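Here is a relaxed walk through one protein model, written for someone opening it for the first time. Have a look at the structure below, and then we'll go through it piece by piece.

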Amino acid sequence: MARMYYDSDANLDLLANKTVAIIGYGSQGHAHALNLKDSGVNVIVGLYPGSKSATKAKEAGLEVYDVAEAAQKADWIMILLPDEVQKSVYKNEIEPHLTEGKVLFFAHGFNIHFAQVVPPANVDVVMVAPKGPGHLVRRTYEQGEGVPCLFAVYQNASGQARDRAMAYAKGIGGTRAGILETTFREETETDLFGEQVVLCGGLSALIKSGFETLVAAGYQPELAYFECLHEVKLIVDLIVEGGLAKMRDSISNTAEYGDLTRGPRIVTDETRAEMRKILQEIQSGQFAREFVLENQAGKPGFTAMRRREAEHHIEEVGKDLRAMFSWLKKD
Ligand SMILES: NC(=O)C1=CN([C@@H]2O[C@H](COP(=O)(O)OP(=O)(O)OC[C@H]3O[C@@H](n4cnc5c(N)ncnc54)[C@H](OP(=O)(O)O)[C@@H]3O)[C@@H](O)[C@H]2O)C=CC1
Ligand SMILES: CC(=O)[C@](C)(O)C(=O)O
């Protein structure tokens with residue numbers, strides 16, 4: 001089995017007397033900055049003038065600078081900007097400040113693996129990629145826990161790159177949950193595959209199709225929402241805690257029999273062939289090219305799809321129902 005590393009394997013002292021610049025203060029940025037700060041690290045934040053996030057970062061007690069100034073002041077620089085803007089911000093504001101001995105961090109390998117960012121040879125280039133949304137990286141840290149992370153070394157100029165990546169992962173709470181070593185290529189390809197096929201793409205398509213099927217057959221949309229969306233989390237929590245076995249242990253025998261006999265009819269050989277095709281588009285760079293060009297064109301297709309999705313019936317029903325859930329966390 002691949003080795004997992006925990007708190008005792010990583011040395012936070014490597015961060016002593018270092019300044020870490022978190023570039024971007026969104027989902028991941030706020031979590032990394034606040035977790036590192038709470039771990040005793042000297043953190044600054046880099047954002048563009050007029051950024052909405054700057055106010056939030058300042059309110060949290062962090063020093064905020066323009067990206068170039070933050071990159072210049074810092075020893076370690078973590079880029080937590082949207083993947084599609086990293087290339088130009090890196091080129092104009094970060095690269096000029098990559099002097100010998102600095103460390104460049106990423107939370108996803110896209111820009112390095114697909115050569116949108118090509119760093120100079122005199123810096124370490126590493127990745128610490130939490131395997132969870134930023135808000136949970138923060139919430140679990142506050143609860144004394146963490147989100148598992150992947151870490152990888154792309155360039156080891158100092159000879160210490162791997163230890164530095166592990167130290168950073170400890171600073172954000174990753175080693176509490178366990179960190180796993182990978183490469184930029186493996187992380188990039190599996191992350192894209194996971195989010196397209198299972199986590200985001202596959203799951204939202206499954207939820208919407210189930211909902212649409214029930215509503216088209218005349219059932220109440222609110223009931224279809226609970227059945228096809230709300231309960232997904234409750235089931236997934238059981239799977240994460242104890243595998244498919246724990247879920248099957250908890251559900252009724254009727255549900256388990258339905259799962260075993262009907263589930264395989266939903267993911268057919270045709271679906272599996274499509275999964276391999278999607279993986280191949282990722283591996284060949286076809287998806288990356290499409291995403292880069294879409295962004296260069298000003299996101300026409302992306303914007304249209306976002307608008308259409310926001311108007312989907314399940315979103316309207318969900319909004320009304322969730323407004324009545326007093327227990328729902330709003331972060
Ligand atoms: N979302 C997640 O949970 C995960 C993300 N990742 C990776 O982490 C990285 C960051 O993603 P994510 O946290 O989702 O990003 P977000 O979109 O949540 O946040 C982006 C941040 O960058 C700022 N920003 C946007 N454009 C610029 C710019 N031109 N110059 C300076 N700052 C800018 C935004 O400011 P403002 O809002 O003010 O415009 C915001 O603070 C990506 O590489 C992603 O793949 C990895 C694992 C999970
Ligand atoms: C949250 C996460 O890990 C994702 C889905 O891969 C991402 O947001 O990039």
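Helix α7 (residues 161-171) has eight of its eleven residues buried, so it is largely enclosed by the rest of the structure. Here, buried means under 20% relative accessible area, exposed means over 50%, and partly exposed is in between, using a 1.4 Å probe and protein chains only. The buried members of α7 are Ala161, Arg164, Ala165, Met166, Ala167, Tyr168, Ala169 and Gly171. Just past the end of α7, Gly173 has a positive phi of about 95°. Helices (DSSP runs of H or I, at least four residues) and strands (runs of E, at least two) are numbered from the N terminus.

A quick word on what you're looking at: this is a predicted model, in which local features need pLDDT of at least 70 and side-chain atom pairs count only at pLDDT 80 or more, while totals for chains, interfaces and linings use all residues. Residues are numbered from 1 along each chain as its sequence is written, chains are lettered from A and ligands numbered from 1 in the order in which they are written, and side-chain values use heavy atoms, with hydrogens and water left out.

On to ligand 1. Which residues sit closest to ligand 1? They are Tyr48, Ser51, Lys52, Ser53 and Asp83, out of 24 residues that surround this ligand. A residue counts as near a molecule or strand if one of its heavy atoms lies within 4 Å of it. Asp83 brings a polar side-chain atom to 2.6 Å from an oxygen atom of ligand 1. Taken alone, ligand 1 exposes 900 Å², and the protein buries 76% of that. Those areas come from the Shrake-Rupley method with a 1.4 Å probe; for residues, only the protein chains shown count as cover.

Three elements give two or more residues to the shell around ligand 1: α1 (27-38), α2 (52-59) and α4 (83-94). The largest share, four residues, comes from α4. By class, the shell around ligand 1 divides into twelve nonpolar, ten polar and two charged residues. In this scheme Ala, Val, Leu, Ile, Met, Phe, Trp, Tyr, Cys and Pro count as nonpolar, Asp, Glu, Lys and Arg as charged, and the others, Gly among them, as polar.

What does the UniProt record say? Its unreviewed entry lists Tyr25, Gly26, Ser27, Gln28, Ser51, Ser53 and Gly134 under "binding site". Positions from UniProt are in the numbering used here, feature names are shortened, and annotations may be inferred rather than shown by experiment. One of the listed residues, Gln28, is found in helix α1. Gln28 counts as buried because its relative accessibility is 17%. The unreviewed UniProt entry also lists residues 2-182 as "domain: KARI N-terminal Rossmann". That span is 37% helix and 23% strand, and its end C-alpha atoms lie 10 Å apart.

Now for ligand 2, which is surrounded by Gly132, Pro133, Asp191, Glu195 and Cys200. Taken alone, ligand 2 exposes 270 Å², of which the protein buries 60%. Its shell has two nonpolar, one polar and two charged residues.

The table gathers polar contacts to both ligands (a polar contact is a pair of N or O atoms within 3.5 Å).

| Residue and atom | Partner | Distance |
|---|---|---|
| Tyr25, backbone N or O atom | oxygen atom of ligand 1 | 2.8 Å |
| Ser27, polar backbone atom | oxygen atom of ligand 1 | 2.8 Å |
| Asp191, polar side-chain atom | oxygen atom of ligand 2 | 3.0 Å |
| Glu195, polar side-chain atom | oxygen atom of ligand 2 | 2.8 Å |

Next, the aromatic rings. A search of the whole structure finds eleven aromatic pairs. Among them, Phe106 and Phe184 are edge-to-face, at 6.5 Å centre to centre with 80° between the planes. Rings of Phe, Tyr and Trp (its six-membered ring) pair if their centres lie within 6.5 Å; planes under 30 degrees apart count as stacked, over 60 as edge-to-face and the rest as tilted. This pair links distant parts of the chain, with Phe106 in strand β6 (residues 103-106) and Phe184 in helix α9 (residues 184-199), 78 residues apart. Both Phe106 and Phe184 are buried. Elsewhere, Phe110, Phe114, Phe287, Phe291 and Phe302 form one aromatic cluster.

Finally, some backbone angles. Most residues other than glycine have a negative phi. Ala115 has a positive phi near 60°, and it lies in the loop between α5 (110-113) and β7 (124-130). With a relative accessible area of 49%, Ala115 is partly exposed. Lys299 also has a positive phi near 60°, in the loop between α14 (286-296) and α15 (300-310). Lys299 is partly exposed, with a relative accessible area of 23%.

Notes: A polar contact is a pair of N or O atoms within 3.5 Å; within protein, one must be able to donate a hydrogen and the other to accept it, and residues adjacent in sequence count only if both atoms are side-chain atoms.
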